Amino acid sequence: MTENGGLAILAVDDEPRALADIRRLLEGSPRVDRVATATSAKEALVYLSGGKYDGLLLDVHMPEIEGMALARLLRRFADPPGVVFLTGHPDAAVEAFEVQALDFIVKPVSSERLEAALERVEEHAGRSVPAVPAAPSDEPAATGPDVVAVDNPKGGGKRLVRLEQIQVAQANGDYARIHAPDGRFLLRTPLSQLEKDWAPVGFARVHRAYLVNLGHAVELRALPNGTAVLVMRDGEEIPVARRNVAALRRRLNA
């Protein structure tokens, strides 16, 4: 945190044009007060050893010391900056989650996506205070990552699914079963947490067992008993609890 109350951000990328683009976006953000840039992990360590930064925007693939290696090294720091990975290779997301990155942005970086990541940096720094306390039904402001690492049912390991492609998340004990166009996968996160993380990008809890991406919904069909079913783009019908029908209808008609 700077004297003016804004974020201090260090951006690291070995590609000059990409680094210039991210610097321009950072300098245009109302959340950011100070920006420094480095073209290598070694140069970044010099900056980090000489001053305090709230966030580190870090390219994954760099010569000599790669971004993942630097992120692991930073975990030894007493007060490390929050790490946000920037990359053109979404297959690195699984490893990014393992080093507890705050966010993972696939290039090219938009100003909207960057602002969402910077909000996570604010929260990590413990300085994000809402102007009005949020009611339980309010949607959180931060967005989740662009890709989700799910368990691959074929041969183990992880599979990456873009968040926008996920149609439904179904409660499966302490986990969630993800419905996507190319299959169903297990995500080791409870549905209650996914509801908080994904609400800002169009997901809604329509039933105690279902969280749906409203962007994939095509019809809300009322049933005689006061409940309803939400028909998805692929024809799947998701039950809607009676208490959620009116609010969901208003949201779909907005």
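Okay, let's start with one residue: setting aside neighbours within four places in sequence, glutamate 164 touches Asn213 and His216. Before I go on, please keep in mind that this is a predicted model. So where does glutamate 164 sit? It's in the loop between β7, residues 158-162, and β8, residues 168-172. Buried or exposed? Glutamate 164 is exposed, because its relative accessible area is 56%, and the cut-off for exposed is over 50%. There's also a partner from elsewhere along the chain: valine 147 is 17 residues away in sequence, and the two C-alpha atoms are 8.4 Å apart.

Now let me zoom out for a moment. How many helices and strands does the chain have? There are 7 helices and 15 strands. The chain has 254 residues, and 47% of them are buried. And here's something about how the chain folds back on itself. Take the contacts between residues at least 6 apart in sequence: 53% of those join residues at least 24 apart.

Next, helix α2, which covers residues 41-50. Which of its residues are buried? Those are Ala41, Ala44 and Leu48. Look at the spacing of those numbers while I remind you of a bit of textbook. An α-helix has 3.6 residues a turn, so residues three or four places apart point the same way. Back to our helix: the buried residues, Ala41, Ala44 and Leu48, span an arc of only 55 degrees around the axis, which means they're on the same side of α2. Turn to the other side of α2 and you find Val46, Ser49 and Gly50, which are exposed. What lies over the buried residues? The cover includes strand β1 (7-12), strand β2 (32-38) and helix α3 (67-74).

Let's stay with that last one, α3. When two helices pack, we describe them by the angle between their axes and the distance between the axes. For α2 and α3, the axes come within 10 Å and cross at roughly 25 degrees. Why do we call that roughly parallel? Because angles under 35 degrees count that way, α2 is roughly parallel to α3. Which residues do the meeting? From α2 we have Ala41, Ala44, Leu45 and Leu48, and from α3 there are Leu70, Leu73 and Leu74. By class, that contact has 7 nonpolar residues, no polar ones and no charged ones. Notice that Ala41, Ala44 and Leu48 were on our buried list too. And the crossing of α2 and α3 is right-handed.

Now compare that with another pair, α1 (residues 16-27) and α5 (residues 111-124). They pack at an angle of about 70 degrees, with axes 10 Å apart. So α1 and α5 are roughly perpendicular to each other. Their crossing is right-handed. In α1, Ile22, Leu25 and Leu26 are the residues that meet Ser111, Leu114 and Leu118 in α5. Sorted by class, this contact has 5 nonpolar residues, 1 polar residue and no charged ones.

Let's walk back along the chain a little from α5. Valine 109 is in the loop between β5 and α5. Apart from neighbours within four places in sequence, valine 109 is in contact with Ile22, Leu25, Leu86 and Leu114. Remember that Ile22 and Leu25 in α1, and Leu114 in α5, take part in the helix contact we just saw. Valine 109 and glycine 88 are 21 residues apart along the chain, with their C-alpha atoms 9.7 Å apart.

That loop has another feature worth a look. Which two residues does a cis peptide bond join? They're lysine 107 and proline 108, and omega is about 0 degrees. Proline 108 is in the loop between β5 (103-106) and α5. Then there's valine 106, in strand β5 itself. Valine 106 is buried, because its relative accessible area is 16% and the limit for buried is under 20%. Its C-alpha lies 8.3 Å from that of phenylalanine 85, and valine 106 and phenylalanine 85 are 21 residues apart in sequence.

One last helix: α6, residues 191-198. Its buried residues are Leu191, Leu194 and Trp198. They cover an arc of only 55 degrees around the axis, so they sit on the same side of α6. What covers them? Strands, including β6 (147-151), β8, β9 (175-180), β10 (183-187), β11 (203-207) and β12 (210-213).

That's my tour, thanks for listening!

Technical notes. Residues numbered from 1 in each chain as written. Predicted model: local features only at pLDDT ≥ 70, side-chain atom pairs only at ≥ 80, totals over all residues. Heavy atoms only, no water. Buried < 20%, exposed > 50% of the residue type's maximum accessible area, 1.4 Å probe, protein only. Helix = DSSP H or I, 4+ residues; strand = E, 2+ residues; numbered from the N terminus. Arc of directions from axis to C-beta. Contact = heavy atoms within 4.5 Å. Axes fitted to C-alpha atoms, helices over the stretch in contact; angles between N-to-C directions. Parallel < 35°, antiparallel > 145°, perpendicular 65-115°, else oblique. Left-handed = near helix turned anticlockwise from the far one by under 90°. Nonpolar A, V, L, I, M, F, W, Y, C, P; charged D, E, K, R; others polar.
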